[in-house]
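Work through the exercises below with the sequence and the coordinates at hand. Try each task before reading its solution.

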Amino acid sequence: MAGKIEDESNDRVPLRLRPEWSDVTPIPQNNGPNPVVPINYSEEFSEVMDYFRAVYFANELSSRALSLTAEAISLNAGNYTVWHFRRSLLESLKVDLHVEREFVERVASGNSKNYQIWHHRRWVAEKLGLEARNSELEFTKKILSIDAKHYHAWSHRQWVLQTLGGWEDELNYCSELLAEDIFNNSAWNQRYFVITRSPFLGGIKAMRESEVLYTIEAIISYPENESSWRYLRGLYKDEATLYVNDTQVSSVCLKILRTKSNYLFVLSTLLDLICLGYQPNEDFRDAIEALRTSDNEEQDSDIARTICSILEQVDPIRVNYWVWRKSRLPQAA
Amino acid sequence: MGDLVAEKHVQYILSVQKKKDSFESVVMEHLRMNGAYWGLTTLHLLGKLDTVDVHEVVSWIMSCQHDEGGFGGNVGHDPHILYTLSAVQVLALFNKLDVIDADKVTNYIVGLQNEDGSFSGDIWGEVDTRFSYIAICCLSLLHRLDRINVDKAVKYIISCQNMDGGFGCTPGGESHAGQIFCCVGALAIAGSLDLVDKDLLGWWLCERQVKSGGLNGRPEKLPDVCYSWWVLSSLIMIDRVHWISKEKLIKFILDCQVI
């Protein structure tokens, strides 16, 4: 939700009393006779918007209009028409965009979940070009230090990397964020983004070995982490045979199974592997057998069916999904 | 857990009267068109659409249209693809699509398609798969889907498909239930759902249900009642809504009700 920027002084002078605005006739909001979804307005907001309408409809591209857009934005940073007009003003008045960047930063501090601010920030950065790279990376880093899963910030950061560069430190940055919170799905997504798109890393094939090691370590620490398992699978995108045959994958599954805790994703991964052709050995059969409680799962010689039965029990909210998985298994010989 | 207090929700929508100096009341002025869509659709679902004066709604909507064909979020606001869809949806709800010049609206949207098949929100160029859905949905309602390059639009959406089966706002963007709704919806309308890995996506979507029964929008995020729409409708579009627990979700939603 947008937040209001505190005025520097609490004695705001209404626009109608400011001499520099005395020549302007404010235009009230036209809501029609019985407005649909009627909204009550505060007086200050009404006045600022009435004066904004006056300069907007007159297309007055002046510096007082520019100041007025700042006032309007401080009252409602979501008002996209004000931002549009501000951009027209910035272009027409040839304002130094470094100064504008600082303005956006101040507005963003109270309003970071706001499409208009991020779009405006990108527009400014596009105009500044390559020299904006570091400041944009720093800005997103600042936002992410407060909210490490901030969708707009990540989106902006990805745009910066692809348009202005700066890939060199990005994998490290992902590792830092994951060290703080290994469950940060955005950081895992960014990691995938980097290894697949960075011009410096050679692509997924070149990175697979080191990334598998990294991910396995993360899985061992927190086997209940959905993101790490998905990332591991993603490392073998379009290479199902490699995934099935990688002993690191099967052995981490076995290791966690034997702990008899946090094994939900192990079981679903094992199920996927079996469906891709993996043939579990006796160790797996024993480990899975040890998970079955005495009478609630059917005895089944088909290990995949047993896994589905266990999942129906231990992940009951998704029982229909696991029942469906079981129904899709090839008939036991 | 009680029941849906439908009458109270109807009253709430009909009389959105916030405190005069409440900040929340002023921030939504520019997106009243969206508010109208959500509010009126809700009234329709509750069987109370007739409590609204359709002529006033239509007249207000038309006063939000610009010469280029697009609609703004309110009177005096610039056109944007977001509000253009809401306007068309509300008119469709009232069976009043005949009041607009469909070609004019279509031209506005066609003009927003980019070379790579993506759509911008307006002349300022922001690109997001939300806008792909909006364009396709809107033109479908106007029976003019063939006026855009649907193949390219679909290609762009697929370029936003991630290895987890989900979709982000742009290529490489994190899978997010809201973006997934938009991409799946667009592909459904465009007849290209075969390009979605429904099993993989269905699993990703059903993993959004947490212990409380609510749905989140991404792994390890908190549930929010809005995802009941984004996740649920996505699951329905790919025929896998039975993969979540209906009862637990209903309980969560009713627990979110402010009586």
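The exercises cover helix length, helix packing and backbone phi values.

The model is predicted, so local features need pLDDT of at least 70 and side-chain atom pairs count only at pLDDT 80 or more, while totals for chains, interfaces and linings use all residues. Residues are numbered from 1 along each chain as its sequence is written, chains are lettered from A and ligands numbered from 1 in the order in which they are written, and side-chain values use heavy atoms, with hydrogens and water left out.

**Exercise 1.** Compare the expected and actual span of helix α3 (residues 32-45) of chain B, and state what its buried residues pack against.

*Solution.* Helices (H or I, at least four residues) are DSSP runs, numbered from the N terminus.
- Step 1: the expected span is 1.5 Å times one less than the number of residues.
- Step 2: for the 14 residues of α3(B) this gives 20 Å, and the end C-alpha atoms are 20 Å apart, which agrees.
- Step 3: buried means under 20% relative accessible area, exposed over 50%, partly exposed in between (1.4 Å probe, protein chains only). The buried residues of α3(B) include M33(B), Y37(B), L40(B) and L43(B).
- Step 4: the partners of the buried residues are α1 (6-14), α4 (54-62) and α5 (81-93) of chain B.
- Step 5: after the helix comes G47(B), with a positive phi near 70 degrees.

**Exercise 2.** Describe how helix α7 (residues 129-141) and helix α8 (residues 150-159) of chain B cross.

*Solution.* Axes are lines fitted to C-alpha atoms over the stretch in contact, and angles run from 0 to 180 degrees between N-to-C directions.
- Step 1: the two axes come within 10 Å and cross at roughly 150 degrees.
- Step 2: α7(B) is therefore roughly antiparallel to α8(B), a term for angles over 145 degrees.
- Step 3: the contact (heavy atoms within 4.5 Å) is made by T129(B), S132(B) and I136(B) of α7(B) with A153(B), Y156(B) and I157(B) of α8(B).

**Exercise 3.** Which values of phi and relative accessible area do N59(A) and D238(A) have?

*Solution.* Most residues other than glycine have a negative phi.
- Step 1: N59(A) has a positive phi near 50 degrees, and D238(A) has a positive phi near 65 degrees.
- Step 2: N59(A) lies in the loop between α1 (43-57) and α2 (63-75) of chain A; D238(A) is in the loop between α11 (226-235) and α12 (240-245) of chain A.
- Step 3: N59(A) is partly exposed at 47% relative accessible area, and D238(A) is exposed at 71%.

Methods
Helices (H or I, at least four residues) and strands (E, at least two) are DSSP runs, numbered from the N terminus. Angles under 35 degrees count as roughly parallel, over 145 as roughly antiparallel, 65 to 115 as roughly perpendicular and the rest as oblique.
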